[in-house]
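Got the viewer open? Here's a short tour, one selection at a time.

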Amino acid sequence: MNYTKNYRLPQWVKEDRIMMDDFNAMNSSIENGLTRTDAKADSANTKADTAVQTANSAASAALACSYVVGHYTGT
């Protein structure tokens, strides 16, 4: 049996006998990888949402500040 280079997934050739254990191990590996990727994506989304909220709060605070720009010449 041949395996893929990066993820070691089985690649059957015509002469190979398909084994239940190989098939189940491959699908378990894919399931675990997808689950980890989904968890990382959820974490990244949470961090991004927090960053947006922080940026919006900072922008609101900046807009709330009053200031005057000008020049005065006099006595």
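We'll start with the whole chain and then pick out a single residue.

**Stop 1: the whole chain, as a cartoon.** Keep in mind that this is a predicted model. Colour by secondary structure and look for one helix and two strands. Start at the N terminus and you'll meet them in the order β-β-α. The radius of gyration is 29 Å, while the globule rule gives 11 Å for 75 residues, so the protein is more spread out than a compact globule.

**Stop 2: the C-alpha trace.** Switch to a trace and turn the protein along its principal axes. The span there is about 100 × 20 × 10 Å.

**Stop 3: the surface.** Now switch the surface on. How much of the protein is buried? Buried residues account for 3% of the 75. The accessible surface adds up to about 7,000 Å², and carbon and sulfur atoms hold 56% of that.

**Stop 4: the charges.** Select Lys and Arg in one colour, Asp and Glu in another. That gives 7 positive and 8 negative charges, and the mean positions of the two sets lie 7 Å apart.

**Stop 5: arginine 8.** Select residues 2–3 for β1 and 10–11 for β2; arginine 8 sits in the loop between these strands. Is arginine 8 buried or exposed? Its relative accessibility is 57%, so arginine 8 counts as exposed, the cut-off for that being over 50%. Check its backbone too: phi of arginine 8 is near 55°, a positive value in a residue that isn't glycine.

Technical notes
Residues numbered from 1 in each chain as written. Predicted model: local features only at pLDDT ≥ 70, side-chain atom pairs only at ≥ 80, totals over all residues. Heavy atoms only, no water. Helix = DSSP H or I, 4+ residues; strand = E, 2+ residues; numbered from the N terminus. Rg over C-alpha atoms; globule rule 2.2 N^0.38 Å. Buried < 20%, exposed > 50% of the residue type's maximum accessible area, 1.4 Å probe, protein only. Areas by Shrake-Rupley, 256 points an atom, 1.4 Å probe, with all protein chains shown as cover. Charge placed at Lys NZ, Arg CZ, Asp CG, Glu CD.
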